[in-house]
Amino acid sequence: MSTPLPELPIRRLTRDDLVACADLSEDRGWPREEHKWGLLLAAGTGYGIDDPAGKGLVSASVVTSYGPGLSAIGMVLVAQRYERQGIGRRMMQQLVREAGSTPLTLHATPSGRPLYEQLGFVNVGRAEMIRGHFRPDPADTTAVSTRPATAEDLPRIVRLDTEVFGLDRTHMITRLPAFADQLRVAEDEGVLTGYAAAWPNMETHVIGPLIARDTDTAKALITSLAPATDRPFRTDIDVRHEELLTWLKERGLEPIAFNAVMTYGIDDLPGDWTRRFAPLSVAAG
């Protein structure tokens, strides 16, 4: 006798569930994103519901903790054959309960936003997803100096990231050298003024995190990433960075979608949004 849907247990996922998570992504029409799932399951806490029929996962999600100040919820998925049966709501209610007093954040698609609003999440911003082959303009000139990051740069990258993000995410940033295909820094007279990573995701390279002192520094970092890949770039830019978005669209990237940035238990995200151009991933903040 099978267990009724409302009584199916929510369990912790492990790295052994990576393929099942990728299968669930594919079931929903998303890319498999096994590389990203690997990072999220290693650095965060995955939650899943097993299909009583033995057909993989009914639902999955990942929470990435940045201490008591914030946790990011991502990859909230329900298999198509179980949609509209309250599974997503039950998963989210569980995540909110487990968070306790820790504030939460997530990037919501238009279809997911109504559920999150019903659960008490509030809209605090918006990010635009853009994608395409980057075409540098020969007329672009910059005095911003960039170079590949070295092992000696990592402590400085972590310090800058903590200052801009507003919380310590060492456990994510220190994984970037192995996770990303490129990690570059910008400097001004020996002072680190920004950094950017480009990591492989299916047929694209995702730019993120993108932390920069100003828009010119962000442009220089993106431009410096382009020669090392023939894949399209994809990134999610805070819409308040209008100049950067316009510049990227003029150089070949096209708008794909908008996601709402939402929080629970906090009025706004910590840190300095003026220097935070793109997240590591919308799933992890």
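## Strand 5 and its neighbours

In this predicted model, strand 5 spans residues 104-108 and is mostly covered, with four of its five residues buried. A residue is called buried here when its relative accessible area is under 20%.

Strand 5 has pairing partners in strand 4 and strand 12. With strand 4 (residues 71-78), the pairing is parallel and runs over two bridges. Within this pairing, Ala72 has Thr105 of strand 5 as its bridge partner. Between these two strands the chain passes through helix 3, forming a β-α-β crossover that is right-handed. With strand 12 (residues 254-264), strand 5 pairs in the antiparallel sense, over five bridges. Here Ala108 stands opposite Ala260 of strand 12.

## The nonpolar cores

The largest nonpolar core holds 62 residues, and those that touch the most other members are Trp37, Ile73, Met92, Leu106, Phe121, Leu176 and Tyr195. Helix 3 (residues 87-99) supplies the largest share of this core, namely six residues. A second core, separate from this one, has 22 residues, among them Ala186, Ala198, Ala218 and Ile237.

Phe121 illustrates how parts of the chain meet in the interior of the largest core, being one of the members with the most contacts to others. Leaving aside residues up to four places away in sequence, Phe121 touches Ile73, Met92, Val96, Leu104, Leu106, Tyr116, Met262, Thr263 and Tyr264. Several elements described above are represented in this list: Leu104 and Leu106 lie in strand 5 (residues 104-108), Met92 and Val96 lie in helix 3 (residues 87-99), and Ile73 lies in strand 4 (residues 71-78). Met262, Thr263 and Tyr264 belong to strand 12 (residues 254-264).

## The protein as a whole

The protein contains nine helices and 13 strands. Its radius of gyration is 19 Å, close to the 19 Å that the globule rule gives for 285 residues, and the protein is therefore as compact as a globular protein of that length. Taken along the principal axes, the C-alpha atoms fill a box of roughly 70 × 35 × 35 Å.

Buried residues account for 52% of the 285 residues. Among contacts with a separation of 6 or more, 72% join residues that are 24 or more positions apart.

## The exposed surface

How much surface does the protein expose, and what share of it do carbon and sulfur atoms supply? The exposed area is about 12900 Å², and carbon and sulfur atoms supply 50% of that area.

Methods:
Residues are numbered from 1 along each chain as its sequence is written. This is a predicted model: local features need pLDDT of at least 70, side-chain atom pairs count only at pLDDT 80 or more; totals for chains, interfaces and linings use all residues. Side-chain values use heavy atoms; hydrogens and water are left out. A nonpolar core is a set of buried Ala, Val, Leu, Ile, Met, Phe, Trp, Tyr and Cys residues joined through side-chain atoms within 4.5 Å. Buried means under 20% relative accessible area, exposed over 50%, partly exposed in between (1.4 Å probe, protein chains only). Contact means heavy atoms within 4.5 Å. Two strands pair if DSSP finds at least two bridges between them. A crossover is right-handed if, with the strands pointing away from the viewer, the path from the first strand over the helix to the second runs clockwise. The radius of gyration is taken over C-alpha atoms; the globule rule is 2.2 Å times the number of residues to the power 0.38. Accessible areas come from the Shrake-Rupley method with a 1.4 Å probe; for residues, only the protein chains shown count as cover.
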